[in-house]
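Visitor: Please take a close look at one part of this protein, its nonpolar interior, and explain how the surrounding elements are arranged around that part.

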Amino acid sequence: GETKHLSSCSLCNGSVASTIIYPTNGGVYKIASGVGNNMYLDFACTNTNVQIYENCDNHSDPTFIISQYFKLTHVGDGWYSIINIGNGKCVDIENTNPASGTNIMQWDYYQNDGQLYRFYDAGDGYCYIKSKLGTYADVANGYSVNNTNVWAYSFNGSNAQKWKLLPVRTVNDGNYTISSEVLDDMVVDV
């Protein structure tokens, strides 16, 4: 898929986003929340909840770091799965319930409508994440503190529904030589 730059907000009848964004298929991303304070979409390490949490990139426990890394896979017609690279669980709307206020959780991937999402331009580098059920990923009550729940909510265009897809640098398959910066003639041998 082609990555389209998030640059302008395009609204249809002033109520719902209409310009679809196509992230790189199979790309790994951190997903920053529009509520601010360096908050990111995060899989709770102790339960099945999806929440926002401050940037964990410098955490001493790698489990916390990868809880914020998600692989976006295009499954067709602009729909993507959002799967955590740490535990292989996907972003899932509980019980495939289309009602506003339904919890978003981490679950096994079955490619149902509560697990498929499109990304719509929200302007200024942000996007809205809309489920195939018609609801949007939303930070509960717009709070910007650790462990704030993420739920599915009807479109309102607030910062609680704005997300920034930040590509994570990954290494492609292939052969690599890892050498020492201290000793030029030394390499890793497995």
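Guide: What follows starts with the overall make-up and then goes through the interior residue by residue.

The model is a predicted one. The protein has one helix and 15 strands. Of its 190 residues, 41% count as buried. Among the contacts with a separation of 6 or more, 55% are made by residues 24 or more positions apart. The protein exposes about 10,200 Å², and carbon and sulfur atoms supply 47% of that area.

In soluble globular proteins, nonpolar side chains tend to be buried together. Here the largest nonpolar core has 27 residues, and those with the most contacts inside it are Ile82, Phe119, Ile129 and Trp163. Strand E5, residues 39-43, gives the most to this core, with three residues. There is also a second, separate core of five residues, which includes Tyr120, Ala122, Tyr128 and Phe155.

Ile129 gives a view of the larger core from one position. Neighbours within four places in sequence aside, Ile129 is in contact with Ile31, Ile82, Tyr117, Arg118, Phe119, Thr135, Tyr136, Ala137, Gln161 and Trp163. Among these partners are Ile82, Phe119 and Trp163, which are also listed with Ile129 as having the most contacts inside the core.

Phe119 leads on to the aromatic side chains. The structure holds six aromatic pairs. One of them joins Tyr80 and Phe119 in an edge-to-face arrangement, with 5.5 Å centre to centre and 70° between the planes. Tyr80 lies in strand E8 (residues 79-84) and Phe119 in strand E11, so the pair ties together parts that are 39 residues apart in sequence. Tyr80 counts as buried because its relative accessibility is 1%, under the 20% cut-off. Phe119 counts as buried as well, at 0% relative accessibility. Another pair, formed by Trp151 and Tyr153, is stacked, with 5.3 Å centre to centre and 25° between the planes. Tyr153 is partly exposed, with a relative accessible area of 30%. In addition, Tyr128, Tyr136 and Phe155 form one aromatic cluster. Of that cluster, Tyr128 and Phe155 are included in the second core, while Tyr136 is in contact with Ile129.

Tyr80 also takes part in the surroundings of Leu116. Leu116 is found in the loop between strand E10 (102-107) and strand E11 (117-123). Although it is in a loop, Leu116 counts as buried, at 4% relative accessibility. Its contacts, leaving aside neighbours within four places in sequence, are Val75, Trp79, Tyr80, Tyr109, Gln111, Lys130, Ser131 and Lys132. For Trp79, the C-alpha to C-alpha distance to Leu116 is 5.7 Å, across 37 residues of sequence.

Strand E10, which precedes that loop, pairs with strand E9. The two strands run antiparallel and are joined by four bridges. In this pairing Cys90 stands opposite Trp107. Strand E9, residues 90-93, is covered on both faces: Cys90 and Asp92 on one side, Val91 and Ile93 on the other, are all buried.

Gln106 is also placed in strand E10. This polar side chain counts as buried, at 5% relative accessibility. What does its side chain reach? One polar atom of the Gln106 side chain lies 3.1 Å from the backbone oxygen of Asn47. The side chain also reaches the backbone oxygen of Asn49, at 3.3 Å. Residues up to four places away in sequence not counted, Gln106 touches Phe43, Ala44, Asn47, Thr48, Asn49, Val50, Asn87, Lys89 and Cys90.

Several of these residues lead back to strands E5 and E6. E5 and E6 form a hairpin with six residues between them. Five bridges join E5 to strand E6 (residues 50-54), and the two run antiparallel. Within that pairing, Tyr40 stands opposite Tyr53. Strand E6 pairs in turn with strand E14 (residues 148-153), in the antiparallel sense, over two bridges. There the bridge partner of Ile52 is Thr148.

To return to the starting point, E5 gives three residues to the core of 27 residues, and E5 is joined to E6 by five bridges.

Terms used. Residues are numbered from 1 along each chain as its sequence is written. This is a predicted model: local features need pLDDT of at least 70, side-chain atom pairs count only at pLDDT 80 or more; totals for chains, interfaces and linings use all residues. Side-chain values use heavy atoms; hydrogens and water are left out. A nonpolar core is a set of buried Ala, Val, Leu, Ile, Met, Phe, Trp, Tyr and Cys residues joined through side-chain atoms within 4.5 Å. Buried means under 20% relative accessible area, exposed over 50%, partly exposed in between (1.4 Å probe, protein chains only). Contact means heavy atoms within 4.5 Å. Two strands pair if DSSP finds at least two bridges between them. A polar contact is a pair of N or O atoms within 3.5 Å; within protein, one must be able to donate a hydrogen and the other to accept it, and residues adjacent in sequence count only if both atoms are side-chain atoms. Accessible areas come from the Shrake-Rupley method with a 1.4 Å probe; for residues, only the protein chains shown count as cover. Rings of Phe, Tyr and Trp (its six-membered ring) pair if their centres lie within 6.5 Å; planes under 30 degrees apart count as stacked, over 60 as edge-to-face and the rest as tilted.
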